[in-house]
Structure formats: structure tokens, C-alpha cells
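Colleague: Please take a close look at the empty spaces in this model. I would like to know where they lie and what lines them.

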Amino acid sequence: MTIETVALDDQNSQLVLIDQTQLPGRVEILRLSTQEEICEAIYLLKVRGAPAIGVAAAFGVYLGAKAIDTEDYATFCRLFDEKRAYLESARPTAVNLAWALGRMQQVVLDHSDLSVAEIKALLLKECNAIKAEDIEMCRHIGEHGLSVLKDGDGILTHCNAGQLATSKYGTALAPIHLGRERGMHFRVYTDETRPLLQGARLSAFELMADGVDTTVICDNMASQVMKNGWINAVFVGCDRVAANGDVCNKIGTSGVAILAKHYGIPFYVLGPTSTIDLATPTGDDIPIEQRPAEEVTDMWYEKPVAPQGVKVYNPAFDVTEHDLITGIITEHGIARPPYTESLRVLFEKKEDTTR
């Protein structure tokens, strides 16, 4: 885990990624130069996880801007916006993608009085800042997450919201990685997370690499491990949080939350404030990405496991309703019900720290 998940090689004009579709069997480093390669990497989940997608997109649109050959501001602005929109189309659900690209676009819009070369330099500074802030943000999420854990706790995770989903530490796994740095020991149960197996392939990979006691379970085993008394808390990430506290995360998250409530287990969502979308009233207003049928029927098998031509419903995400969530842990603290109030307080705190 010493390899960076997402990096910029500015000298060679390349975005450098760990290809997460090859894990855990092979650690393959991708060096991407074109907007098409970068957009495809985001869509095909070679880079995934809301914060990592945002960082990759910021680096990607900077590389696109760097390649624009014009000194005319209006022409540069138009071509930059085309590249921004192209990358933003890669995945519709994760708000960090649009958020990071929006930050980069604002740099262009705010500096019409500068030369194109100066704007490109500011774009480089901004995308590096987005990554640095991501690392610091994850560390703070980890600190707040540790405050609800004790040494020896059993933790259930779903999907991968760890270092592989961010620049460092992760969101939902950040408290576990930080705790390990401090000599704490946790027992982590990772849902395999069908159909793309981010838990079995990615969370288990990075947790084992960090020396964490890790057990992979099939998604439909979560109820049993909770009933056994092995789980003290559930930690999951998020791709978007609505203003009322509804959370959109990897498909299967809502089922885990329902089980946790039944067994009286705290269910925490961990993510940066950039994933909180106060302009989206409820989870019903979040678009849910539909993925190809082959991910369910063919992806991990020598032969298809379902009848040819059968209909497949394959949403990438689901929405966990706010009344199932114990707390939303961010870099600025923990929001608790009622979320319509506590999330706004977090944003006020965020604004105070950036003034």
C-alpha cells in the first residue's frame, strides 16, 4: 500500500493509476495520456471510489487543458468546458466527479484577465490542492471515526471505501488504518459486495496489506455474523448524501443498514463534506447508475451463470434512508439526526475553517 492510488506525472503529461480491475491478483500501474483513456478508466472502474474519482478527474481535465493549443481565452474556455463535460459524463452518481471538475472550471472562469499559460499553471496548482485536501480530509475522518470505536471491536464494511478509493487512508476504512498506526487491533468483516466484488478484491487486499485481521463474507452472510455478536459497528462510505441525510452508496448498503437496525448495531456513514449535496432534497432525487448485465452474468466465470437472454437488473447504487443511519462522519465532525439541521451545521463549520 505504499503505491499511490492516483498520481500526476506532469513531466510526462500522464495520469498514473493503480488498475483496480486487476486486483488482487496483479498490481498493474496505468499511465494515461488522452481524455478518452481517462474517461474510460473512470467508467470501467479502473479508478473508483468517490474521492479518488474526483482527484483523477481533476488531474485528467488539467492534462486536457495543458494540451489545448491556443492563446485566445474564449477559445480556451470553450475547449476546456468540452473536456470537463466529457469527463463528467463518465459516471452520473458520484457527486465528487462533478464537484472536482467544477472547482477546476471555476479557476478558468475566475481568471479571464490572465494569459492561457498562467491559467494552466493555476489549474495545476488547483488539482494538486484537491489531492492534498483529500489526504488531509481522510485523516480527519479517521480521527472522528476512531472516537466511536474501541480497541478490539468487530467492524462490518461494504464495498471499498479505503485507501484504494481515495488518495490515502480512505473514508470508511480510515479509522481502521489510523488505529493500526497507533497499535490498535480490529476484527474486520468485509462484505464481498456483488457483483463487482469490491469488498473481496479491494478492501480485503488493502486491509491484509496493513496487517488487519480480515474476514471476507458473502453479502448474504451479514445477518449471521451480526446475530453471532461479532459486529460492534458498521462503517460504510458514500457517493452522495442528500440534504435530509439519505445516503447513496454501493448497491447492498441499504440492506446492511436494515440488518444493523434489527440487531441494534450502530451504522455509520463516512465521507467528505464534498459528497453532501444540500441541493438534493432526498435520496429519491439522486440518479442511480445502471450497469451492464454482463457484470452479473459473465464477469467472474468461464461460462455464463444465468440463462442466455435473461433480463438483468444491475443498479450500481442504492439509497439508505436517513432513519437507518446512526451518524454521518465527516472531516468536520459527526452529524447526527435530525440531519437537515446537523448537515447544515457541518457546512457552516466548513465555511468557518476556509475563511
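Modeller: Helices (H or I, at least four residues) and strands (E, at least two) are DSSP runs, numbered from the N terminus. The model is predicted, so to speak of a local feature takes pLDDT of at least 70 and of a side-chain atom pair 80 or more, while totals for chains, interfaces and linings use all residues. Residues are numbered from 1 along each chain, and side-chain values use heavy atoms, without hydrogens or water.

The chain has 11 helices and 14 strands. Its C-alpha trace spans about 65 × 55 × 40 Å along the principal axes.

Two kinds of space are told apart on a 1 Å grid over the protein atoms alone: in a cavity a 1.4 Å probe fits but cannot get out, while a pocket is an open set of points with protein on both sides within 12 Å along at least five of seven lines; a lining residue has an atom within 4 Å of a point. Points join across faces, edges and corners, and volume is the space filled by probe spheres set on them.

I start with the pockets. The largest pocket holds about 380 Å³. Its lining is made of 19 residues, and Trp99, Glu133, Met137, Glu331 and Lys350 are the ones nearest its centre. Four helices each give two or more residues to this lining: H2 (50-66), H4 (95-110), H5 (116-146) and H11 (339-354). Helix H5 gives the most, with 6 residues. For the make-up of a lining, Ala, Val, Leu, Ile, Met, Phe, Trp, Tyr, Cys and Pro count as nonpolar, Asp, Glu, Lys and Arg as charged, and the others, Gly among them, as polar. Sorted in this way, the lining of the largest pocket has 6 nonpolar, 7 polar and 6 charged residues.

The second largest pocket has a volume of about 290 Å³. It is lined by 16 residues, and those nearest its centre are Thr21, Leu44, Leu196, Glu295 and Met299. Here the elements that give two or more residues are helix H7 (198-209) and helix H10 (294-297). Helix H7 gives the most to this lining, namely 3 residues. By class the lining of the second largest pocket divides into 8 nonpolar, 3 polar and 5 charged residues.

Next come the cavities. The count comes to 2 cavities of 30 Å³ or more. The largest cavity has a volume of about 220 Å³. It is lined by 23 residues, of which Arg48, Gly49, Ala50, Asn160 and Asp239 are the closest to its centre. Helix H2 and strand E9 are the elements that give two or more residues to the lining. The largest share comes from H2, with 3 residues. Its lining has 11 nonpolar, 8 polar and 4 charged residues.

The second largest cavity has about 40 Å³ of space. Its lining consists of Pro195, Leu196, Gln198, Lys250, Ile251, Arg291, Glu295, Asn314, Pro315 and Ala316. Of these, 5 are nonpolar, 2 polar and 3 charged. Two of these names have come up before: Leu196 and Glu295 also lie among the residues nearest the centre of the second largest pocket.

Strand E9, which helps to line the largest cavity, belongs to an open sheet. Its 4 strands run in the order E11-E8-E9-E12, with mixed pairing; two strands pair if DSSP finds at least two bridges between them. Strand E11 (276-277) and strand E12 (317-320) stand at the edges with a single partner strand each, so one side of each has no neighbour in the sheet. Strand E8 (residues 240-242) pairs with strand E9 (residues 247-250) in the antiparallel sense over 2 bridges. In this pair Arg240 stands opposite Cys248 of E9.

Two of the helices named above are also reached through loops with unusual backbone entries. Helix H2 follows the loop that leads from helix H1 (35-43), and Leu45 is found in that loop. Leu45 has a positive phi of about 65 degrees, although it is not a glycine. Helix H11 follows the loop from strand E14 (333-335), where Pro338 is found. A cis peptide bond joins Pro337 and Pro338, with omega of about -5 degrees. Another cis peptide bond joins Leu23 and Pro24, with omega of about 5 degrees. Pro24 is found in the loop between strand E2 (14-18) and strand E3 (29-32).
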